[in-house]
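Trainee: Could we go through some side-chain contacts, with the reason behind each label?

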Amino acid sequence: MDKTLTEGFNRKSPFAIVYTYGIRLKEYTMSIAQGEGEKEAPDQVEVRSKDNSKLEIDGTIWWAVDPASAFDIYKKVSKDEKGLQDIIIRPAIRGVMRDVAAMYNMEELMQKRTDYGVEVLEAMKVSVEGKGVVVDKILIRNISPPAAVDLAIEAKLSAEQYLQKLEFEKLQSEKRREIRVIEAGGVAEAQDIIQKKLTPLYVQYEAIQAYKELAGSNNTTFIIMPTSPNGAGMPIIINSEGAGTFSSE
């Protein structure tokens, strides 16, 4: 008589054939990297997004046999876990990943990988309901666009980085220009102040201060002669030693 044996000690006929299923979690991986998944060859899932973009997805599913359904699995599906995996798990997960991906456009799918994984898990649970397996978790490991799209994305990122660099250089140039304008304004203001102060009286005052210093010299004697009747003009200064004559006029 066919019946399901539970864990632990069980009585059975010596003529009975026993088929066993492990009830621990099992991992099934589909990867683009050769030898990384269950298949030796690259085994990524190719999907189409809502905007008809083609993408490649790597994923891992953790699943287990439902102990209460072992006998039904034996009669209806497979006598071992490998057959159960090939007949139920693999087709279901690949189909669900494609169905859910079709609800996203390409950009959304790549940006919302976690949300996509949650929806795949819920859809997978519905898909295998009543088939004797329990789905524990699904991990969406990677979502890759086609090579041409990937190159276009890289080109776009490079262009954006270049524009950001130009914008930064522009801001630096504007800042340097502002500094030069401020410096030029300071120089112009200083020159304006000096020009306003350079009146004849101011120049004469400065000259008198210089004469005072010359008058205190012990090495040279100068003769200072006025150039105007009232003595208000710039004087002529003559070196008494004959070295030269000069005028401040």
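Mentor: Happy to; here is a short talk about rings, charges and burial.

This is a predicted model, where local features need pLDDT of at least 70, side-chain atom pairs count only at pLDDT 80 or more, and totals for chains, interfaces and linings use all residues. Residues are numbered from 1 along each chain as its sequence is written, and side-chain values use heavy atoms, leaving out hydrogens and water.

Trainee: Why are Tyr-104 and Tyr-116 called an edge-to-face aromatic pair?

Mentor: Their centres are 6.0 Å apart and their planes meet at 85°. Rings of Phe, Tyr and Trp (its six-membered ring) pair if their centres lie within 6.5 Å, with planes under 30 degrees apart counted as stacked, over 60 as edge-to-face and the rest as tilted. So this pair is edge-to-face.

Trainee: What makes Glu-36 and Arg-141 a salt bridge?

Mentor: The N to O distance is 2.8 Å, and the term asks for a side-chain nitrogen of Lys or Arg within 4 Å of a carboxyl oxygen of Asp or Glu. Therefore the pair qualifies. The two residues are 105 apart in sequence, so the bridge ties together separate parts.

Trainee: Asp-43 and Arg-94 form a salt bridge too; why do both count as buried?

Mentor: Asp-43 has 6% relative accessibility and Arg-94 has 12%. Buried means under 20% relative accessible area, exposed over 50%, partly exposed in between (1.4 Å probe, protein chains only), so both are buried.

Trainee: And why is Glu-36 called partly exposed?

Mentor: Its relative accessible area is 45%, so the label is partly exposed.

Notes: Helices (H or I, at least four residues) and strands (E, at least two) are DSSP runs, numbered from the N terminus.
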